[in-house]
Amino acid sequence: MSRNTRINALLLLVVVALAVLPLALGLGEGREEPFAGADAQAETAITENAPDYEPWFTPLYEPPSGEIESALFSLQAALGAGVLAYYFGLRRGRRQGEERARAGAADDAGTAADGPAGSGE
């Protein structure tokens, strides 16, 4: 097994563990929403500690349901991942193109030093 394969297998195992362990260990049991986001938890804590607190501003858009909010968040994450993947792919493609250009220039220089083709020397 190559080094890269071992690293990829280890990373996959870590990702699976991060997804499964909270569920297997029962983290979040006894709560109304066991895996609520940090924003929701902060809002709950603020309303418990300071019931007369007034927010500084209101959201520009309030989705009609939690499902739509989750879908918009997923769309945002997918767009961000797409932009990052495009950027890194573009950088890698440029680097590979430069390497090919250097290799082609070295090959051309090597054939030019041998003399013209078909000269019979």
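At 42% relative accessibility, Tyr-87 lands in the partly exposed class, and that residue is a handy way into this predicted model. Tyr-87 shares an edge-to-face aromatic pair with Phe-88. Around that pair sits a chain of three helices and zero strands, with just 2% of its 121 residues counting as buried.

**Aromatic pair**
- The structure holds one aromatic pair, and Tyr-87 and Phe-88 are the two partners.
- Their ring centres lie 5.3 Å apart, with 65° between the planes; the pair is called edge-to-face because that angle is over 60 degrees.
- Phe-88 comes out at 48% relative accessible area, so this ring's residue is partly exposed, and Tyr-87, at 42%, is partly exposed too.

**Fold and surface**
- Reading from the N terminus, the elements go α-α-α.
- Helix H2 covers 38–49, and helix H3 takes in 66–114.
- About 11,100 Å² of the chain is exposed, and 61% of that comes from carbon and sulfur atoms.

**Salt bridge**
- Side chains of opposite charge can pair when their charged atoms come close.
- Here the count comes to one salt bridge, and it links Arg-102 with Glu-98.
- The closest N and O atoms of Arg-102 and Glu-98 are 3.9 Å apart, which makes the cut because the limit is 4 Å.
- Both residues belong to helix H3, and as they are four residues apart there, about one helical turn separates Arg-102 from Glu-98.
- The two partners fall into separate accessibility classes: Arg-102 is exposed at 54%, whereas Glu-98 is partly exposed at 46%.
- The line between those classes is drawn at 50%, so Arg-102 ends up above it and Glu-98 below it.

**Largest pocket**
- Rolling a probe the size of a water molecule over the atoms shows where empty space is left.
- The largest pocket has a volume of about 910 Å³, and 24 residues line it.
- Nearest its centre you'll find Asp-39, Ala-40, Glu-43, Pro-59 and Glu-69.
- Helices H2 and H3 are the elements that each give two or more residues to this lining.
- H3 gives the most, with seven residues in the lining of the largest pocket.
- Sorted by class, the lining has 11 nonpolar residues, eight polar ones and five charged ones.

Technical notes: Residues are numbered from 1 along each chain as its sequence is written. This is a predicted model: local features need pLDDT of at least 70, side-chain atom pairs count only at pLDDT 80 or more; totals for chains, interfaces and linings use all residues. Side-chain values use heavy atoms; hydrogens and water are left out. On a 1 Å grid over the protein atoms alone, a cavity is a set of points where a 1.4 Å probe fits but cannot get out, and a pocket is an open set with protein on both sides within 12 Å along at least five of seven lines; lining residues have an atom within 4 Å of a point. Grid points are joined across faces, edges and corners, and a volume is the space filled by probe spheres set on the points. Ala, Val, Leu, Ile, Met, Phe, Trp, Tyr, Cys and Pro count as nonpolar, Asp, Glu, Lys and Arg as charged, and the others, Gly among them, as polar. Rings of Phe, Tyr and Trp (its six-membered ring) pair if their centres lie within 6.5 Å; planes under 30 degrees apart count as stacked, over 60 as edge-to-face and the rest as tilted. Buried means under 20% relative accessible area, exposed over 50%, partly exposed in between (1.4 Å probe, protein chains only). Accessible areas come from the Shrake-Rupley method with a 1.4 Å probe; for residues, only the protein chains shown count as cover. A salt bridge is a side-chain nitrogen of Lys or Arg within 4 Å of a carboxyl oxygen of Asp or Glu.
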